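Trainee: Please give me a close look at the nonpolar interior of this one. I'd like to know which residues and elements build it.

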Amino acid sequence: MLGIIAALPLAACTQQPRLPGELWVGSSPTGVPFSFVDPATNALTGAMIDIAKAVIRDLGLTGDYRATPFSALIPSLTTGRIDMIAAAMQRTDERAQIVAFSAPVFSYGGGLVVPGDDRGVYPALSSVRHKRVGAQVGTRFVDQLHGAGVDRVKTYDGLQEIVRDLANGRIDAGYGDEPILRYQLRVGPRRPVRLVREFRPPVEEDLCLIVAKDDPLLERLNKAIARLKDAEIPAILHRWELG
C-alpha cells in the first residue's frame, strides 16, 4: 500500500479547490451494497453512501461523491484528491498507520464462495489452502488467505469478477466481503456458485468513514456518528438488508 502511494505523481499531492463547506467523498463503484453506481442514475449509491450523506448533512456540510477504484481510495485521500472515503474498507492496523478511521458504523468478516456442485465442508480458510482462490486486490482478505497458507491466490479488481471466474471454473473458490458476496448472489446474475454457510472468517473488522491523518474533521465525524448511531444509521443498514 505504501508503495502504491509513493508511486503516484508528485503533482497529485496538490489539494484541489472545493466549494465552501464541501467534501469530496471517494467510493468504490463495485462494492454493492455498500457503494456502487446505480445504472439508472449513473450516481453512487449504497449503504456507506447513505451513511456518509447522513453524517455530512448532520454536520451542515455538502458532499461531492466520486467513483474511485478500491485500490486507489487511500492514495487519493492522502494526496488530496478526495477528503473522505465511504466504502467497504475495513479498519486494520496497517491502514490506521496511513489514514484516520472514524467510530465504527458496521462490522463484518469475509465470506467464502465455491462452485454450486462442490459439496465439500469448508469451516475455515485453512480448508481451501490447496485451492485456487480469488480475492480483491488491495484488501485485507488477500493477507488473510496468505496467512492461512493459501499459496495460489489470484487477485481481481472486484468481487463480481471473482464470482464470474468461479462460475466459469477458472478458480476453485472466492473470498471477500461476506455482505457483498451475499448481496450479489441474491440480486445479481444467477450463477452456479454458493456461499459456504459453515465458514467462519478469522476475524470481523470495523467499517468506518475514513479521513486523512490529523484531519480535524475526524472529531466532528465521530460526534455526528454518535448522534445518528441509535436510529438513522441502523435504519440505513436495515434498508440495505445489512442489519
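Mentor: Happily! Contacts (heavy atoms within 4.5 Å) are mostly long-range here: of those with a separation of 6 or more in the protein chain, 70% join residues 24 or more positions apart. Keep in mind that this is a predicted model, where local features need pLDDT of at least 70 and side-chain atom pairs count only at pLDDT 80 or more, while totals for chains, interfaces and linings use all residues. Numbering runs from 1 along each chain as its sequence is written, and side-chain values use heavy atoms, leaving out hydrogens and water.

Of the 243 residues, 49% are buried, that is, under 20% relative accessible area (over 50% is exposed, in between is partly exposed; 1.4 Å probe, protein chains only). The largest nonpolar core (buried Ala, Val, Leu, Ile, Met, Phe, Trp, Tyr and Cys joined through side-chain atoms within 4.5 Å) has 44 residues, and Phe34, Val55, Met84 and Leu209 touch the most other members. Two or more residues each come from β1 (22-27), α2 (47-58), β8 (106-108), α6 (159-167), α7 (178-187), α8 (217-228) and α9 (232-239). These elements are DSSP runs numbered from the N terminus: helices are H or I of at least four residues, strands E of at least two. The top contributor is α2, with 7 residues.

Now zoom in on Leu209. Beyond its neighbours within four places in sequence, Leu209 contacts Met48, Ala52, Val55, Met84, Ile85, Ala86, Ala100, Phe101, Ser102, Leu221 and Ile225. Finally, look for a second core, separate from this one: 15 residues, including Leu112, Tyr122, Leu125 and Val133.
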